[in-house]
Amino acid sequence: EGGGKMAASGTGGREGLSGPGSGGLSLLGLAPGAPSCPHGPALLFVKTGQGGEEGRRFYACSACRDRKDCSFFQWEDEKVSATRLAAREEYNRNHQPPFTHKQNVERYKNFVVLLLSKRRFCQECQQLLLPAEWEEHSDHQFLCDISTAQLKSPSQLLYPLENKKTNAQYLFANRSCQFLLDLIIDLGFRRVLSVGTPRLHEMIQSKASQEGDFRVRSLLLDIDFRYSQFYTEEEFCHYNMFNHYFFGGKAAQETCRKFLYEDNGERVIMVTDPPFGGLVEALASSFKKLMAMWKETENEGHKNQEMPMFWIFPYFFESRILEFFPSFCMMDYQVDYDNHALYKHGKTGRRQSPVRIFTNLTPRLIVLPMEEGYRFCTICQRYVSSGNQHCEICNSCTSKDGRRWKHCDLCQKCVKPSWFHCTTCNCCALQNHTCDKTDAGCFVCGTAGHKRSTCPSLSRA
């Protein structure tokens, strides 16, 4: 989520990552016995030549695309000395948060009993301050009189981490957050595994504390350790979704496993909103492991099922997501964010939010708000946006971006309204495009309509 988008935009934007035959880097995944950096086990990559031949393999940070943010690098076949290993372990220890989760829980207990005038939050250190710590933060900017309402809304108290190369922490707008929660409740789910969605988790926690008959529970998995200041070890796990790493070790994994166990028929759904720069295959690998944890619980009914899931991601990654999760379907609902200039609901044309919900639930069950213009297509058996008209030739509601698409008889598919068929390229493209695949829009795949940074082929291994 936005809020959960803290983690690294990760390996997702690692320069040069590309498809087979084009040269660049390919992700090989999480190898057994992989070395670790402060963000957990590193991922294994290989450099490929133009002809697809493999070069030397190496490990790099799973969470940071920029070496300035995490300098970890090691060749797979490199012999690392005992001295260097010891230095690396020391470095990893020194780059962990100043307090453990357990210590933060104790600090919170001491904080909430303070008088309002004694409650301070250091904006520079992003830390709740106890009176004995005021002196060492005396030259920092801080907020005073932290109310209980602010403590219940940490995503609004904490600074969003917006360095796009390392962090992309965009927060769900209230409209989208409330829609997701209402949908989850209407579908009969009572437990939400919130993976990188702190604002949704926050809304659930807040309602649970205020409304006696509210039965939904949430567990937040997020790489942003600042949330450990506000949630117990049963409510939050420090987690890296790019390498399925629980920083709290086996205890945190067990917390997650217990949460996924459906007690008294309480159904579980996983909701995730990863950084949009994240490698789809790295994310898919972690999500499949979380699904496997759910399947391993003692419920016999899980044997031939997938854990219900909402994956929130831009529509232009549809083909990549379906590669790893063929059972998924993309919904037309536009997810919008508070602190993103472009990802807003209600804008028109290319200004509309490109973020959608991918799910393995039956599409017709996902009821979209009719007051926002969504309608039910009886042929497709799903809700679609007002501009998404059913194409009789394709036999589908084909629009992806909210605009009405048009059918091209030559391409035998529907295309964006701004595209025209080019006889030179023998496909549809923007009218003023250059008839050269590499200049048609995207530098990586040559397709018009998106840039290199958001190319679905960028991370193809």
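Gln 126 is buried in this predicted model, with a relative accessibility of 9%, although the residue belongs to the loop between β7 (120-122) and β8 (127-129). A polar atom of the Gln 126 side chain lies 2.7 Å from the backbone nitrogen of Tyr 159. When neighbours within four places in sequence are left aside, Gln 126 is in contact with Tyr 159 and also with Phe 121, Leu 158, Arg 226 and Gln 229.

His 433, in the segment after β25 (427-430), is likewise a buried residue, its relative accessible area being 17%. In this case a polar atom of the side chain lies 2.6 Å from the backbone oxygen of Leu 430. If residues up to four places away in sequence are not counted, His 433 touches Cys 422 and Cys 425.

The cysteines can be taken next. A disulfide is a covalent bond between the sulfur atoms of two cysteines. A search of the whole structure finds 0 disulfides, and the table gives two cysteines with the cysteine sulfur nearest to each.

| Cysteine | Nearest cysteine sulfur | Distance |
|---|---|---|
| Cys 64 | Cys 61 | 4.2 Å |
| Cys 414 | Cys 391 | 3.6 Å |

Because a disulfide requires two cysteine sulfur atoms within 2.5 Å, Cys 64, at 4.2 Å from the sulfur of Cys 61, is in no disulfide, and Cys 414, at 3.6 Å from that of Cys 391, is in no disulfide either. Cys 64 is buried, with a relative accessible area of 4%, and Cys 414 also counts as buried, at 10% relative accessibility.

Helix α7 offers a view of how a helix is placed against its surroundings. It comprises 12 residues, 249-260, and spans 17 Å from its first C-alpha to its last, close to the 16 Å expected at 1.5 Å a residue. Its buried residues are Ala 252, Thr 255, Cys 256, Phe 259 and Leu 260. They are on the same side of α7 because they cover an arc of only 135 degrees around the axis. An α-helix has 3.6 residues a turn, so residues three or four places apart point the same way.

Which elements cover the buried residues of α7? The cover includes the strands β10 (189-195), β11 (217-222), β12 (236-240), β13 (245-246) and β14 (267-272), together with the helix α8 (280-295). On the face of α7 turned away from the buried side, the exposed residues are Lys 250, Ala 251 and Lys 258.

Definitions and conventions
Residues numbered from 1 in each chain as written. Predicted model: local features only at pLDDT ≥ 70, side-chain atom pairs only at ≥ 80, totals over all residues. Heavy atoms only, no water. Helix = DSSP H or I, 4+ residues; strand = E, 2+ residues; numbered from the N terminus. Expected span 1.5 Å × (residues − 1). Buried < 20%, exposed > 50% of the residue type's maximum accessible area, 1.4 Å probe, protein only. Arc of directions from axis to C-beta. Contact = heavy atoms within 4.5 Å. Polar contact = N/O pair within 3.5 Å; in protein donor to acceptor, adjacent residues only side chain to side chain.
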